[in-house]
Amino acid sequence: MNILSAYMVDDDDDDEAMYQELKEAFRLYDRGGDGYITTATLKEILKELDNKLSNEDLDGIIDEIDEDGSGTVDFDEFMEMMTG
């Protein structure tokens, strides 16, 4: 599921710009600079992007992304969620 597809310009030639935008977005939410965001923070982000998502929808997305149940999402997992 590409969560940001409705919010980003579709331009295959601009992958690097998208990568940089996602990196900056991740950095903003990685408040402690630890290299990860918590699944609670991710849930807030997803709710802001689509307020029609139910708590069950959000939990399902989080479970899919946080496969190891660590309660955190690193940039690679975040990038995968947002792009693919």
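In this predicted model, helices α2 and α3 cross with right-handed geometry. Two packed helices are described by the angle between their axes and the distance between the axes. Here the angle is about 130° and the axes lie 10 Å apart, so α2 and α3 are oblique to each other. On the α2 side, the contact is formed by Thr39, Leu42, Lys43, Leu46 and Lys47; α3 contributes Asn55, Leu58, Asp59, Ile61, Ile62 and Ile65. Sorted by class, the contact of α2 with α3 comprises six nonpolar, two polar and three charged residues.

Among the contact residues, Lys43 and Asp59 deserve a second look. Their side chains join in a salt bridge, with an N to O distance of 2.6 Å. This pair ties together distant parts of the chain, as Asp59 belongs to helix α3 (residues 55–65) and Lys43 to helix α2 (residues 39–49), with the two 16 residues apart. Asp59 has a relative accessibility of 35% and therefore counts as partly exposed. Lys43, at 25%, is likewise classed as partly exposed.

A search of the whole structure returns two salt bridges, and helix α1 brings us to Arg27 and Glu24, whose side chains also meet in a salt bridge (2.6 Å, N to O). Because Arg27 and Glu24 are three residues apart in helix α1 (residues 15–29), about one helical turn separates them. Glu24 is partly exposed, its relative accessible area being 36%. In general, side chains of opposite charge can pair when their charged atoms come close.

Methods:
Residues numbered from 1 in each chain as written. Predicted model: local features only at pLDDT ≥ 70, side-chain atom pairs only at ≥ 80, totals over all residues. Heavy atoms only, no water. Salt bridge = Lys/Arg side-chain N within 4 Å of Asp/Glu carboxyl O. Helix = DSSP H or I, 4+ residues; strand = E, 2+ residues; numbered from the N terminus. Buried < 20%, exposed > 50% of the residue type's maximum accessible area, 1.4 Å probe, protein only. Axes fitted to C-alpha atoms, helices over the stretch in contact; angles between N-to-C directions. Parallel < 35°, antiparallel > 145°, perpendicular 65-115°, else oblique. Left-handed = near helix turned anticlockwise from the far one by under 90°. Contact = heavy atoms within 4.5 Å. Nonpolar A, V, L, I, M, F, W, Y, C, P; charged D, E, K, R; others polar.
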